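I opened this entry to keep track of what I looked up. I went from strands to a helix, then to rings.

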Amino acid sequence: DAVLGHVLEAYSQYEGWGETGEFTLARREGNLIVWVLEHRHDSTGRPQPVPFESELAEPMRRALNNLSGTMVGLDYRGTMVVAAHEPVAEVDLGIVAKMDLEEIQKPFLKAGLLAIGFSFLVVVGAGVLLVRVSNPLIEELQERSLKLEDTVAALEDSEERYRTTFELAAVGIAHISPKGRFIGLNRRFCEIVGYAHEEIAVLTFQEITHPEDLATDLENVRRMLAGEIDTYSIEKRYIRKDSSVIWVNLTVSLARDRSGNPEHFIAVVEDITRRKEAEF
């Protein structure tokens with residue numbers, strides 16, 4: 001009783017801390033937790049006893065079970081609190097120091113909201129800056145994209161005109177590899193030599209050139225590959241598929257890649273058989 005009297009006298013002068021911080025003191029009487037002090041949150045005096053097996057007053061129940069420590073749980077009001085609990089075994093009491101969890105969390109929530117608000121402002125500012133910086137870039141990219149589309153369309157038109165000119169030319173045109181194999185032919189060239197496109201594609205110009213004209217043709221090819229001449233023109237004979245001989249006027253130039261290496265020959269062939277026969 002003397003100890004309890006000192007505690008009550010001291011507590012009467014205690015103002016607590018924060019808005020919800022307080023000490024509670026209680027004892028177990030049968031199956032009840034009975035409060036000894038008038039609590040700060042109970043304007044009518046001491047709180048009503050709490051059943052010992054209730055979910056309320058969990059920190060005090062642990063203290064009265066001779067457990068000490070800290071926890072987060074419901075106090076006698078049913079409010080979630082952060083509490084330190086300690087048994088006072090000598091007088092069969094339990095003592096709890098506690099504060100509402102909401103009050104503890106409030107500054108952290110405030111700081112979190114401020115941080116979120118600041119982050120939002122940073123994001124919005126960065127977004128505005130990004131829009132201002134990126135708009136000219138986007139406009140420039142769009143302009144370049146339109147120019148590129150126009151260039152591609154012009155190239156496609158140019159390629160289509162080239163194909164049409166190549167295919168419908170009145171003279172025979174052939175692209176020939178440095179080794180003499182036909183890699184591109186127009187329709188007129190096939191008509192002159194009498195072979196279908198797929199047939200002559202597996203041949204070389206040496207195979208359809210008259211043997212008496214081959215040496216001159218090969219010498220000109222050698223000189224062109226050596227860079228001694230850029231083009232040459234000769235009259236020569238081809239052996240057609242049906243074994244007949246046809247005279248042609250042949251003009252050859254050499255296409256090179258960007259490094260200057262030979263890429264393919266461009267041969268332009270005109271049928272001059274009638275003129276040659278008239279000469280003979």
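**Notebook: a sheet, a helix and some rings**

I began with strand β7, residues 172-176, and found 3 bridges joining β7 to β8 in an antiparallel run. The model I am reading is a predicted one. I checked who faces whom: Ile176 stands opposite Phe182 in β8.

Next I followed the whole sheet. Which order do the strands take? I read β8-β7-β11-β10-β9, 5 strands in an open sheet with antiparallel pairing. The edges are β8 (182-185) and β9 (231-239), and each of these pairs on one side only. I also looked up the twist. Ignoring direction, neighbouring strands of this sheet are turned by 30 degrees against each other on average.

**The helix across the sheet**

I turned to helix α7, residues 211-225. Helix α7 lies across β9, β10 (245-256) and β11 (262-271). Against β9, helix α7 runs at about 150 degrees.

I picked one residue of this helix, Asn220. Is Asn220 buried or exposed? I noted a relative accessible area of 11%, so Asn220 is buried, the cut-off being under 20%. I then listed its contacts, leaving aside neighbours within four places in sequence. Asn220 touches Ile229, Tyr232 and Ile234.

**The aromatic rings**

How many aromatic pairs does the structure hold? I found 2. One of them joins Phe182 and Phe189: the centres are 5.6 Å apart, the planes stand at 55 degrees, and the pair is tilted. Phe182 is the residue I had met opposite Ile176.

The other pair is Phe189 with Tyr238. Why is this pair edge-to-face? The ring centres lie 6.2 Å apart and the planes stand at 70 degrees, and edge-to-face needs planes over 60 degrees apart.

I looked up where these two residues belong. Phe189 is in helix α4 (residues 187-193) and Tyr238 in strand β9, so the pair ties together parts 49 residues apart in sequence.

I checked burial as well. Phe182 counts as buried because its relative accessibility is 4%. Phe189 counts as buried at 1%. Tyr238 is buried too, as is Phe189. I wrote the three down together, since Phe182, Phe189 and Tyr238 form one aromatic cluster.

**Charges over rings**

Last, I looked for charged ends over rings. The charged end of Lys276 sits over the ring of Trp247, 4.5 Å from the ring centre. The charged end of Arg77 sits over the ring of Tyr76, 5.9 Å from the centre of that ring.

Definitions and conventions
Residues are numbered from 1 along each chain as its sequence is written. This is a predicted model: local features need pLDDT of at least 70, side-chain atom pairs count only at pLDDT 80 or more; totals for chains, interfaces and linings use all residues. Side-chain values use heavy atoms; hydrogens and water are left out. Two strands pair if DSSP finds at least two bridges between them. Helices (H or I, at least four residues) and strands (E, at least two) are DSSP runs, numbered from the N terminus. Axes are lines fitted to C-alpha atoms, for helices over the stretch in contact, and angles run from 0 to 180 degrees between N-to-C directions. Contact means heavy atoms within 4.5 Å. Buried means under 20% relative accessible area, exposed over 50%, partly exposed in between (1.4 Å probe, protein chains only). Rings of Phe, Tyr and Trp (its six-membered ring) pair if their centres lie within 6.5 Å; planes under 30 degrees apart count as stacked, over 60 as edge-to-face and the rest as tilted. A charge sits over a ring if NZ of Lys or CZ of Arg is within 6 Å of the ring centre and within 35 degrees of the ring normal.
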